[in-house]
Amino acid sequence: MHVKAGLLQDHPLWLCGFRPFFLLAAAGIPLFIALWLGFLLFGLPLPAVAGGPFVWHAHELIFGVALAAVTGFALTAIPEFTATPDFSRRAVQRLVVLWLLGRVGFWSSGLLGLPALLLAASAHLGLLGYLGLLLLARLWRDPGRRHLSFAWSIAALIGCVTGFYAAAVAGTDPLRWLHATLGVLMILIVVALSRISMRIVNAAIEERAGNTEAGDEYRARPPRRNLAIVCIGLHTAVGLLVPEARIGGWLALASAAALFNLLNDWHVGRALWRRWPLMLYAIYLFMAAGYALMGCAIILDGNYFSAGRHLAALGAMGLAIHAVLCIAGRQHCGYPLDERSWVPIGAWLIGLGALARAATVLPGAPTGFLFGLAGLAWGGAFVSYLWHMAPLLLGPRPDGGSGCEGVISAGDVAN
């Protein structure tokens, strides 16, 4: 038994925190979407939970999938950003157990009632609280404290989870807290993308030009990013506190305008048309389109608010998860970026899924077909990811690395 425990502890899955969490996120999407389509199209039962099936759907995609992706990203990116050691395998394993307990508790809450709901609440808050503690010391000690925004984002997520479970226990509508969480995740995407894009876009410029010439460098300008974050944050707060207020519509339009303004940084010529910069660019496009549609729906009393929300959730969040899982998943497993066609095909499928879901609000639209198409496209992208990436996430590094570090070249080994 001791030998088996030792083998499990030494498995490559635990080399870095992103490995188990990227697998959980990628596996969760097709599983949760398949269950959701079974309910929508064939009337199959979903786990009975507080708030009903729509809450289950949003809860699992946000507190399940998105939270796993955020945890995996943070466990990998923060040590790199702060030049600190990797987190221990024990810490990663504790976080994985908490994530799984969250699923068990929430899925059984309809059957077991309050004890299961409290288990789910404790697991989600324990995961975010433990993750926050792990990150905070490093973020605080980092010179200039340039990455503290990640800590504030984790704190906001803790507030949303607390609000959700407090409402669920009290028997009031918890869905608005999930919608607020989606707003926090949009902010977190803007924060994270500003770091990732500096490397990806400048690498594309260098690759195209052979070297970086003066004036060609891409820079993610903080004022534009901060304006987008403030607008999204205000829209999220108004939506949570006074959802019927029309000011929420104007703030959504302001968020869309700020996001389009942010994209001005990205217009760097033909380098933008390479697959990795273009995929990241599309994240902002879907996010801006989603907020624009939500704003118009609120101001004009349109029935297409959910279409805008799904453009942000399926389009922006889906593409962000796909991009991060592909970029960080490959490079921190010791492999160069994957240039095969399954990566852009997956991105196109995610975009198609988001557009199909948004189109269900059109008058006379074949909603059953569009729901099915959206689910199959979105889920199919991550089945493809699992097919190509699971062997890497479960296997040893090919470059001699032993943790979360990026690709180790022959020159690095020689030095």
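Leaving aside its neighbours within four places in sequence, which residues is W266 in contact with? Keep that question in mind as you work through these exercises on a predicted model.

**Exercise 1. Explore the core around W266.**

Task: List the contacts of W266, then place this residue in its nonpolar core.

Solution:
- Step 1. Set aside the neighbours of W266 within four places in sequence; the remaining contacts are S197, V201, Y218, L272, P277, L280, Y281 and Y284.
- Step 2. Turn to the largest nonpolar core, which holds 140 residues. W266 is among those with the most contacts inside it, together with M186, I283 and M287.
- Step 3. Ask which helix gives the most to this core: helix α8, residues 175–209, with 19 residues.
- Step 4. Look for a second, separate core; this one has 5 residues, including A356, A365, L370 and A374.
- Step 5. Compare with a general trend: in soluble globular proteins, nonpolar side chains tend to be buried together.

**Exercise 2. Compare two residues of helix α4.**

Task: Decide whether V97 and R103 are buried, partly exposed or exposed.

Solution:
- Step 1. Find V97 in helix α4, and R103 in helix α4 as well.
- Step 2. Recall that buried means under 20% relative accessible area and exposed means over 50%.
- Step 3. V97 has a relative accessible area of 46%, so V97 is partly exposed. R103 is at 8%, so R103 counts as buried.
- Step 4. See what V97 belongs to: with L101, V104 and L119, V97 forms a nonpolar patch on the surface, with about 300 Å² of accessible area together. Helix α4 (residues 89–107) gives the most to this patch, with 3 residues.
- Step 5. See what R103 touches: not counting residues up to four places away in sequence, the list is F32, H59, E60, F63, G64 and H124. With H124, the side chain of R103 also makes a polar contact of 2.9 Å.

**Exercise 3. Follow the chain from T82 to A83.**

Task: Say which of T82 and A83 is buried and which is exposed, and find the unusual backbone angle.

Solution:
- Step 1. Place T82 in helix α3, and A83 in the loop between α3 (53–82) and α4.
- Step 2. Read the accessibility: T82 is buried at 9%, whereas A83 is exposed at 72%.
- Step 3. Look at what T82 touches beyond four places in sequence: R138, L139 and D142. A polar contact of 2.8 Å also joins the side chains of T82 and T84.
- Step 4. Most residues other than glycine have a negative phi. A83 is not a glycine, yet its phi is positive, about 50°.
- Step 5. Find another case: D301 has a positive phi of about 55° and is not a glycine either. D301 sits in the loop between α11 (275–300) and α12 (305–331), and counts as exposed at 58% relative accessibility.

**Exercise 4. Look at L23.**

Task: Describe the setting of L23 and how far away G72 is.

Solution:
- Step 1. Locate L23 in helix α2, residues 18–42.
- Step 2. With 15% relative accessibility, L23 counts as buried.
- Step 3. Residues up to four places away in sequence aside, L23 touches L13, L386, A390, L393 and L394.
- Step 4. Along the sequence, L23 and G72 are 49 residues apart; in space, 9.4 Å separates their C-alpha atoms.

Key:
Residues numbered from 1 in each chain as written. Predicted model: local features only at pLDDT ≥ 70, side-chain atom pairs only at ≥ 80, totals over all residues. Heavy atoms only, no water. Patch = residues over 30% accessible without salt bridge, like charges linked within 9 Å, V, L, I, M, F, W, Y side chains within 5 Å. Areas by Shrake-Rupley, 256 points an atom, 1.4 Å probe, with all protein chains shown as cover. Salt bridge = Lys/Arg side-chain N within 4 Å of Asp/Glu carboxyl O. Helix = DSSP H or I, 4+ residues; strand = E, 2+ residues; numbered from the N terminus. Buried < 20%, exposed > 50% of the residue type's maximum accessible area, 1.4 Å probe, protein only. Core = buried A, V, L, I, M, F, W, Y, C linked by side-chain atoms within 4.5 Å. Contact = heavy atoms within 4.5 Å. Polar contact = N/O pair within 3.5 Å; in protein donor to acceptor, adjacent residues only side chain to side chain.
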